[in-house]
There are 2 protein chains.
Amino acid sequence: MKVNKSHGLEHGTVSLDRGASLYLAGEKGHAWRVLSGSIRLDQEEPTGTQFAGLAVAGDVVGAETLLFGRYTFSAHALSPCSLRPWMAAPETAGNGIWLQMIAAAERRMADLLALRCGKAAERIRKLLALMGSGGRGVALPRLRDIADITDLTVETVSRTVTSLSADGTLDVQGSYRVRKVREVMKEAL
Amino acid sequence: MKVNKSHGLEHGTVSLDRGASLYLAGEKGHAWRVLSGSIRLDQEEPTGTQFAGLAVAGDVVGAETLLFGRYTFSAHALSPCSLRPWMAAPETAGNGIWLQMIAAAERRMADLLALRCGKAAERIRKLLALMGSGGRGVALPRLRDIADITDLTVETVSRTVTSLSADGTLDVQGSYRVRKVREVMKEAL
DNA sequence: CGGGGTCTTGATCTCAATCAACCAATGTGG
DNA sequence: CCACATTGGTTGATTGAGATCAAGACCCCG
């Protein structure tokens, strides 16, 4: 995997290209807040790598390092993104911070489970909606990633994106490895 | 839904029959720790009810009430279970408690996503393994619940359980609505 | 006794998986 | 600079696992 990780001058901010690695399971490191873009988390199993989570702008990833010192999952950029080191204010922050993170994790769980229900087209729309919430124009992740997250195959994702784009449900701009989805038809669910 | 919720004399412990409701989304209430059995959480949507989470022995459900006062999801018993009110020790417990809950939630997320990958037989075995960890002999949940969790249909679940039981992969005891899975062949994944 | 929820079984259909090429862009080393 | 490998994406033909539709059995309960 080509890794293009560039470090910003201030705050330790980093930028990742689509597909770039943020960290690998088992490595030492700290938590990050996602400023923009989206990150996929994967569980490394002897039998292969398994999609295990998704983080979008505003989310914190790698919080488990505060407990274990090491990352539980591997993290890769689904779309170009920027991140900043995140650390829990030791005592200043009350329980509220943690409760919010727990509540957010539970809601995110429901969202991700929903990405594996329904027909192919519906799953992909739900994923893009999740990634796009809070920003106009989502960079389309690699088909391989969309497939892993929705539990479809690349072939099916390719066909579905093409047809969604053809019938106007999706407005896909750009070509080949640099595509953006401008607008997702907003009928719910 | 028949609700059989019986209250223990001490500690506010409650016992639930398979299928019984612990609480509904939107109600006021407090958090619970699952002592035994397993609980499914559902998101109530205008379009219907959507599986949103699973709690087994040792887990805490309804922690979001500490933040919002009300439950975000509805909770029903998958198998007979007992619970005890749970409250965060205000200051005595440090951040450790919260971090552990967050780490647990993330691992659980990966587990639940895995229940929606692979063939029907594999999904069902993974679910029973998840429910059975830490106790010999799992009560088989209603097929409807298994179907919702694994994103299969009741018909497929029925056929699959029958065939897994026939070929010895699953040792199912009892009949009709009171079946226990004694042993799950433990080849991994 | 009848009714509703749970489970089972069968027949048929459909969507997505699979298998197999192929193209376009990027990168690499001589 | 060219040959070559690699990665990401596309398209077509075929297949299969599970959805869907339908009917009936079983059991509990009022």
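## Surface near DNA strand C

By class, 11 charged, 5 nonpolar and 4 polar residues make up the surface near DNA strand C. The model is a predicted one. In total, 20 residues surround this strand, and the closest are Ala120(A), Thr153(A), Thr156(A), Arg142(B) and Tyr176(B). Helix 5 (154-166) of chain A and helix 5 (154-166) of chain B each supply at least two residues of the surface near DNA strand C. The largest share, 4 residues, comes from helix 5 of chain B.

Sugar or phosphate accounts for 59% of the atoms of DNA strand C within 4 Å of the protein, and the rest belong to bases. Contacts to the phosphates include two arginines of chain B. An N or O atom in the side chain of Arg18(B) is 3.1 Å from a phosphate oxygen of DNA strand C, and a polar side-chain atom of Arg179(B) lies 3.0 Å from a phosphate oxygen of this strand. Arg159(B), by contrast, addresses a base: an N or O atom of its side chain is 2.9 Å from a base nitrogen of DNA strand C.

## Surface near DNA strand D

DNA strand D has 20 residues around it, of which Arg142(A), Arg177(A), Ala120(B), Thr153(B) and Thr156(B) come nearest. Of the atoms of DNA strand D that come within 4 Å of the protein, 58% are accounted for by sugar and phosphate. The surface near DNA strand D comprises 11 charged, 5 nonpolar and 4 polar residues. Helix 5 of chain A and helix 5 of chain B each supply at least two residues of this surface, and helix 5 of chain A gives the most, with 4 residues.

Several polar contacts to DNA strand D come from chain B. The side chain of Thr153(B) has an N or O atom 2.8 Å from a phosphate oxygen of DNA strand D. Two further side chains reach bases: an N or O atom of Glu155(B) is 3.1 Å from a base nitrogen of DNA strand D, and a polar atom of Arg159(B) lies 3.0 Å from a base oxygen of DNA strand D. Arg159(B) thus has a side-chain contact with a base of DNA strand C and with a base of DNA strand D.

## Contact between the protein chains

Chain A and chain B contribute 35 residues each to their contact. About 3300 Å² is buried between the two chains, 70% of it on carbon and sulfur atoms. Trp98(A), Met109(A) and Leu113(A) supply 19% of the area that chain A buries against chain B, more than any other three residues.

## Helix packing in chain B

Helix 3 (residues 120-132) of chain B packs against two other helices of the chain. The axes of helix 3 and helix 4 (residues 143-150) of chain B come within 10 Å and cross at roughly 105 degrees, which makes helix 3 of chain B roughly perpendicular to helix 4 of chain B. Here Arg123(B), Ile124(B) and Leu127(B) of helix 3 meet Ile146(B), Ile149(B) and Thr150(B) of helix 4. This contact has 4 nonpolar, 1 polar and 1 charged residues.

With helix 5 of chain B, helix 3 of chain B packs at an angle of about 80 degrees, the axes being 10 Å apart; these two helices are therefore roughly perpendicular to each other. Ala120(B), Ala121(B), Ile124(B) and Arg125(B) of helix 3 meet Thr156(B), Val157(B), Thr160(B), Val161(B) and Leu164(B) of helix 5. By class, 6 nonpolar, 2 polar and 1 charged residues form this contact. Ile124(B) takes part in the contact with helix 4 and in the contact with helix 5.

Key:
Residues numbered from 1 in each chain as written. Chains lettered and ligands numbered in written order. Heavy atoms only, no water. Axes fitted to C-alpha atoms, helices over the stretch in contact; angles between N-to-C directions. Parallel < 35°, antiparallel > 145°, perpendicular 65-115°, else oblique. Contact = heavy atoms within 4.5 Å. Nonpolar A, V, L, I, M, F, W, Y, C, P; charged D, E, K, R; others polar. Near = heavy atom within 4 Å. Polar contact = N/O pair within 3.5 Å; in protein donor to acceptor, adjacent residues only side chain to side chain. Buried area = accessible area lost by both parts, 1.4 Å probe.
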